[in-house]
Amino acid sequence: MMQIENDAKVINERIDASFKRLINTRYQINVVSNHYSNTFNFLMYIAHPKKRSRSIPLHTVETDDLVYLESLIKRIQAHTKLTITYTGFVGEKWPSDLRPIQKTSAAGDDNQYLREKNHGN
């Protein structure tokens, strides 16, 4: 279990370092499943209306084990309230409750984290 604590610590420290709380700026964590290297990549997505959006690499986890990922996500969610989005997980389900990991769009594309979320305004 030590490795998961270490991964969580590294990711959470890097989230804190990248999260500048700038006004009118949207911060999200994006988790990307890399099927070629069997890893999960964690990125901080930062969107500001007057600047180019960018993704800052936070950490790569050297596993494709969804049980491990789910446990890691719980540790990150306990640390930050930032939205977490998922890319490359179409058709995958969380092991604990079988909910779909990635929300799929009508087009079925993998760019859902780039679109603005509309919360009833």
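This passage walks through the fold, the sheet, the salt bridges, the main pocket and two loop residues of a predicted model.

Start with the overall layout. The protein has 2 helices and 4 strands, and from the N terminus on these elements come in the order α-β-β-β-α-β. Helix H1 takes up residues 2–18 and helix H2 residues 66–79. As for the strands, E1 spans residues 26–34, E2 spans residues 39–47, E3 covers 54–61 and E4 covers 83–87. Of the 121 residues of the protein, 42% count as buried.

The strands come together in an open sheet of 4 strands, and reading across it gives the order E3-E2-E1-E4, with mixed pairing. E3 and E4 sit at the edges with a single partner strand each, so one side of each has no neighbour in the sheet. Neighbouring strands are turned against each other by 25 degrees on average, ignoring direction. In general, strands of a sheet pair through backbone hydrogen bonds, and they can do so parallel or antiparallel. Both kinds turn up here. E2 and E3 run antiparallel and are joined by 7 bridges, with Leu43 standing opposite Pro57 in E3. E1 and E4, on the other hand, run parallel and are joined by 5 bridges; across that pairing, Ile29 stands opposite Ile84 in E4.

E4 deserves a second look. This strand stands at an edge of the sheet, yet 4 of its 5 residues are buried, so E4 is largely enclosed by the rest of the structure. Having one side without a neighbour in the sheet therefore does not leave E4 out in the open, given how many of its residues are buried.

On to charge pairing. Side chains of opposite charge can pair when their charged atoms come close. The structure holds 4 salt bridges, including the three described here. One of them links Glu5 and Arg75, whose closest N and O atoms are 2.9 Å apart. Glu5 belongs to helix H1 and Arg75 to helix H2, so this contact ties together parts that are 70 residues apart in sequence. Both partners are partly exposed: Glu5 has a relative accessible area of 39%, and Arg75 comes in at 22% relative accessibility. With buried meaning under 20%, Arg75 at 22% stays in the partly exposed class.

A second salt bridge stays inside a single helix. Lys74 pairs with Glu70, with 3.8 Å between the closest N and O atoms. The cut-off for a salt bridge is within 4 Å, so the Lys74–Glu70 pair at 3.8 Å still makes the list. Both residues lie in helix H2, 4 residues apart, which is about one turn of the helix. Their surroundings contrast: Lys74 is partly exposed, with a relative accessible area of 48%, whereas Glu70 is buried, with a relative accessible area of 9%.

The side chains of Asp97 and Arg99 also meet in a salt bridge, at 2.6 Å from N to O. Here Asp97 is partly exposed at a relative accessible area of 40%, and Arg99 is partly exposed too, at 44%.

Next comes the largest pocket, which has a volume of about 330 Å³. Its lining is made up of 20 residues, and Gln77, Ile84, Tyr86, Trp94 and Lys103 lie nearest its centre. H2 and E4 each supply at least two residues of that lining. Ile84, one of the residues nearest the pocket centre, is also the E4 residue that stands opposite Ile29. Sorted by class, the lining has 7 nonpolar, 7 polar and 6 charged residues.

Finally, the loop between H1 and E1 holds two residues with backbone angles worth flagging. Arg21 is located in this loop, and its phi is near 55 degrees, a positive value in a residue other than glycine. Asn24 is found in the loop between H1 and E1 as well, with phi near 60 degrees, again a positive value in a residue other than glycine. Both side chains belong to exposed residues: Arg21 has 66% relative accessibility, and Asn24 has a relative accessible area of 58%.

Definitions and conventions:
Residues are numbered from 1 along each chain as its sequence is written. This is a predicted model: local features need pLDDT of at least 70, side-chain atom pairs count only at pLDDT 80 or more; totals for chains, interfaces and linings use all residues. Side-chain values use heavy atoms; hydrogens and water are left out. Buried means under 20% relative accessible area, exposed over 50%, partly exposed in between (1.4 Å probe, protein chains only). On a 1 Å grid over the protein atoms alone, a cavity is a set of points where a 1.4 Å probe fits but cannot get out, and a pocket is an open set with protein on both sides within 12 Å along at least five of seven lines; lining residues have an atom within 4 Å of a point. Grid points are joined across faces, edges and corners, and a volume is the space filled by probe spheres set on the points. Ala, Val, Leu, Ile, Met, Phe, Trp, Tyr, Cys and Pro count as nonpolar, Asp, Glu, Lys and Arg as charged, and the others, Gly among them, as polar. Two strands pair if DSSP finds at least two bridges between them. Axes are lines fitted to C-alpha atoms, for helices over the stretch in contact, and angles run from 0 to 180 degrees between N-to-C directions.
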